[in-house]
Amino acid sequence: MDDVLQNIMDHAVAVAREAGQVVREALCDEKQRDVMTKSSTVDLVTQTDQRVEHLIIQSVKKKFPTHRFIGEESVAAGEACVLTDDPTWIIDPIDGTTNFVHSFPFVAVSIGFSVDKKIQFGVVYSCLEDKMFTARRGKGAFCNGEPLQVSDQEDVRRSIIATEFGSNRETETVEKIFSSLRNILNIPVHGVRGAGTAAVNMCLVASGCVEAYYEVGVHVWDVAAGSVIVEEAGGVLMDVEGGPVDLMSRRIVAANNGTVAHRIVKEIDAFSPTRDDGR
Ligand code: IPD
């Protein structure tokens, strides 16, 4: 199985690189950045998201015809978002679609691979930086082949925390997001940042330049690949109320260690969006 999994992962890296090239080219063509909307007027999608997801799925199907898929745009088009024990590719063709639309330079192709409902490997290709983040469970995390290690900072007051505002603009949700942000700034922390892509934020945690990332409202395709990259770089995952993380719950804390994660959790004004699997 070891070599089989490596073969699958090698294909994921190759197809992520190919997809990244398509995204880079599309950035230079305004038509390919024409915006459509999904759950709200600020939840954006472009024909490039759809095209890149199609490219990845077709390429995988040719090589691994029995594998299943959870893809952001396929789910938006009505497909079920159900994780089974079967080998499943969890795909975000463009994580950071809003960045892509505005040419804000952090855009990633994110591919997680799950068997028995556990993520086995993750590939995040930050395609404008040309950084290929990879991690296979038990084998470490890497960026362009160089090993990654989370920060050893235990003191949240000496930390940078990453988060995002998401695309839900309901008053109650926006208030909770700002309440968490205010609490965290008031700790005080050294700074708060956000790359505009959950996958890249998680890779920043894995790289050691950000101590923690949290968000309520993400989707499984935003965080599946990043989850194993953070863990393999020595980090931890947690629910925003401190329990074990559930990738379908749309709530996540990814941190360099448990001390920082638990301290952040105390300040998060948690809420529960509709789960990705609708349960
Ligand atoms: C979004 C990005 C964003 C995060 C949202 C995600 P998308 O993914 O990761 O940073 O705040 O929650 O849905 O829509 O660009 O693939």
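The exercises below work through the sheets, helices, salt bridges and backbone of a predicted model.

**Exercise 1. Work out which strands stand at the edges of the seven-stranded sheet, and why one side of each is left without a neighbour.**

Step 1. Begin with the order of the strands, which in this open sheet is β3-β4-β5-β6-β7-β8-β9, with mixed pairing.

Step 2. Look next at the ends of that order: β3 (68–71) and β9 (146–147) have a single partner strand each, so one side of each is left without a neighbour in the sheet.

Step 3. Confirm the pairing at the β9 end, where β8 (residues 141–143) runs antiparallel to β9 over two bridges, with Phe-142 opposite Pro-147 of β9.

**Exercise 2. Follow the chain through β6, β7 and β8, and describe the pairing and the turns.**

Step 1. Strands of a sheet pair through backbone hydrogen bonds, either parallel or antiparallel. Here β6 and β7 are antiparallel and share six bridges, and Phe-121 is found opposite Arg-136 in β7.

Step 2. Turn to the connection between these two strands, a hairpin with four residues between them. Asp-130 lies in this loop between β6 and β7, and it has a positive phi of about 50 degrees although it is not a glycine. With a relative accessibility of 40%, which falls between the limits of 20% and 50%, Asp-130 counts as partly exposed.

Step 3. Continue from β7 to β8, which pair in the antiparallel sense over three bridges, Thr-134 standing opposite Phe-142 in β8. The hairpin of β7 and β8 also has four residues between its strands, and within it Gly-138 takes a positive phi near 85 degrees.

Step 4. Finally, consider the surroundings of β7: five of its six residues are buried, so the strand is largely enclosed by the rest of the structure.

**Exercise 3. Determine which helices lie across the seven-stranded sheet, and how α6 is oriented relative to α7.**

Step 1. Helix α2 (residues 47–63) lies across β3, β4 (88–95) and β5 (108–115), and its direction makes an angle of about 150 degrees with β4.

Step 2. Helix α6 (residues 198–207) lies across β4, β5, β6 (118–126) and β7 (131–136), at about 100 degrees to β6.

Step 3. Compare α6 with α7 (residues 220–232): the two pack at an angle of about 5 degrees, and their axes are 8 Å apart. Angles under 35 degrees count as roughly parallel, and α6 and α7 are therefore roughly parallel to each other.

Step 4. Identify who makes the contact: on α6 the residues include Ala-198, Met-202 and Val-205, and on α7 they include Asp-222, Gly-226 and Ile-229. The residues of this contact divide into nine nonpolar, two polar and one charged.

**Exercise 4. Describe the five-stranded sheet, its edges and the helix α8 that lies across several of its strands.**

Step 1. The order in this open sheet is β11-β10-β12-β14-β13, again with mixed pairing. Its edge strands are β11 (191–193) and β13 (236–238), each of which pairs on one side only, and from one strand to the next the twist averages 20 degrees.

Step 2. At the β13 edge, three bridges join β13 to β14 (residues 251–255) in the antiparallel sense, and Val-236 has Ala-255 as its bridge partner in β14.

Step 3. Helix α8 (residues 258–265) lies across β10 (160–163), β12 (212–216), β13 and β14, and runs at about 25 degrees to β13.

**Exercise 5. Trace the salt bridges of Asp-277, and say which network they belong to.**

Step 1. Side chains of opposite charge can pair when their charged atoms come close. For Asp-277 and Arg-275, the closest N and O atoms are 2.9 Å apart, while the salt bridge of Asp-277 with Arg-279 has an N to O distance of 3.2 Å.

Step 2. Place these pairs in context: Asp-246, Arg-275, Asp-277 and Arg-279 are linked in a network of salt bridges, and a search of the whole structure finds 16 salt bridges. Arg-279 counts as exposed, at 72% relative accessibility.

**Exercise 6. Locate the cis peptide bond, and state its omega.**

Step 1. The bond joins Ile-187 and Pro-188, with omega about 0 degrees.

Step 2. Pro-188 is placed in the loop between α5 (171–185) and β11.

Notes. Residues numbered from 1 in each chain as written. Predicted model: local features only at pLDDT ≥ 70, side-chain atom pairs only at ≥ 80, totals over all residues. Heavy atoms only, no water. Pairing = 2+ DSSP bridges. Contact = heavy atoms within 4.5 Å. Axes fitted to C-alpha atoms, helices over the stretch in contact; angles between N-to-C directions. Parallel < 35°, antiparallel > 145°, perpendicular 65-115°, else oblique. Nonpolar A, V, L, I, M, F, W, Y, C, P; charged D, E, K, R; others polar. Salt bridge = Lys/Arg side-chain N within 4 Å of Asp/Glu carboxyl O. Buried < 20%, exposed > 50% of the residue type's maximum accessible area, 1.4 Å probe, protein only.
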